[in-house]
Structures are given as structure tokens and as C-alpha cells.
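Please read the following points alongside the structure. They concern the overall fold, the confidence of the model and its charged pairs.

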Amino acid sequence: MSSGAEDSKPTTELSGDFTDKTLTCKDCGNEWVFSAGEQEFYREKAFENDPTRCKECRKAKKIARNRRMRSRRQKKNGPGGNVCYAFQKGECTRGDSCRFAHELVSESKEGNENETVE
């Protein structure tokens, strides 16, 4: 008869399944080592594919993506996208500590123009 302790053991040891792999980055073409520890992390997170970029290229791609997203947000909001609406209503009590721009929006024949008030 087997004891209950034997049944609670995991069926596979994660660290024993992996060996370091040498991969080639698809952006820069440099070879880099995908370590056994990194492979174990990928399995724990249920990632199905090996990474295709080295750490430096992944970081550069992430920075570029964040810049694009920030730029899109700024274009979407347009000029004065972070305007203090409480100030426009005359209700902002934060003064210089307000994180939003204190701008008065006035409509003219040319369209919307923002006038900054300090």
C-alpha cells in the first residue's frame, strides 16, 4: 500500500526538463542564451512560443511601443487635452498645485482656441 504523501508529488519536475538554448534575435541577428530558468518561467506563465528577440531588442521595442501609444493619446486628446474643467467653471481650488492646465476655452470663427491663464 502506498502512503498519501507519495500521491501529492508533482508529476514532472520543471527545472529538470530544461537546458540552455542558443537563440537568434530576429531584430538584431545576435545570438543569445535562453536559459533553463527563463524557459521554466515561460512554462509557468503558459507561454507557448520561445522568445524571438533578445532582452535589449525586447526593451527597445517596448519603449518604442510606449512612445507610439503616448503620441496617439496626445493626438486623440488634442491640444489642451488635460484642461482643468473645474477651472473653466470657476470652481478649481488647487491653484498652482493643480495638475491640469488652467485654460479658458473660447470659440471663435476659426474654431476652438485655448487661452492659457496663469
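1. A salt bridge is a side-chain nitrogen of Lys or Arg within 4 Å of a carboxyl oxygen of Asp or Glu. Side chains of opposite charge can pair when their charged atoms come close. The structure is a predicted model, and a search of the whole of it finds three salt bridges.

2. Which parts of the chain does the pair of aspartate 50 and lysine 21 tie together? The side chains of aspartate 50 and lysine 21 meet at 2.9 Å, N to O. Aspartate 50 lies in the loop between α2 (36–44) and α3 (55–77), whereas lysine 21 belongs to strand β1 (residues 21–24), so the salt bridge joins parts that are 29 residues apart in sequence. Aspartate 50 has a relative accessible area of 35% and is therefore partly exposed. Lysine 21 is likewise partly exposed, at 33% relative accessibility.

3. A salt bridge also connects arginine 53 with aspartate 27, with 2.7 Å between the closest N and O atoms. This pair links distant parts of the chain, 26 residues apart: arginine 53 is in the loop between α2 and α3, and aspartate 27 is in the loop between β1 and β2 (31–34). Arginine 53 counts as buried because its relative accessibility is 15%, under the 20% limit for that class. Aspartate 27, at 46%, counts as partly exposed.

4. Lysine 55 and glutamate 38 form a salt bridge whose closest N and O atoms are 3.4 Å apart. Here the link runs between helix α3, which holds lysine 55, and helix α2, which holds glutamate 38; the two residues are 17 residues apart. Is each partner buried or exposed? Lysine 55 counts as exposed at 52% relative accessibility, while glutamate 38 counts as buried at 19%.

5. As to the fold, the protein has four helices and four strands. From the N terminus on, these elements follow the order α-β-β-α-α-α-β-β. Of the 118 residues in the protein, 15% are buried. The accessible surface comes to about 10200 Å², and carbon and sulfur atoms account for 46% of that surface.

6. The confidence of the model deserves attention. The mean pLDDT of the protein is 77, and 68% of its residues reach 70 or more. Over residues 107–114 the pLDDT is below 50, and this stretch has 12 contacts in the model beyond near neighbours in sequence. Residues 1–14 also stay under 50, with five contacts beyond four places in sequence. Where pLDDT is low, the predicted coordinates should not be read in detail.

Conventions: Residues numbered from 1 in each chain as written. Predicted model: local features only at pLDDT ≥ 70, side-chain atom pairs only at ≥ 80, totals over all residues. Heavy atoms only, no water. Buried < 20%, exposed > 50% of the residue type's maximum accessible area, 1.4 Å probe, protein only. Areas by Shrake-Rupley, 256 points an atom, 1.4 Å probe, with all protein chains shown as cover. pLDDT = per-residue confidence, 0-100. Contact = heavy atoms within 4.5 Å.
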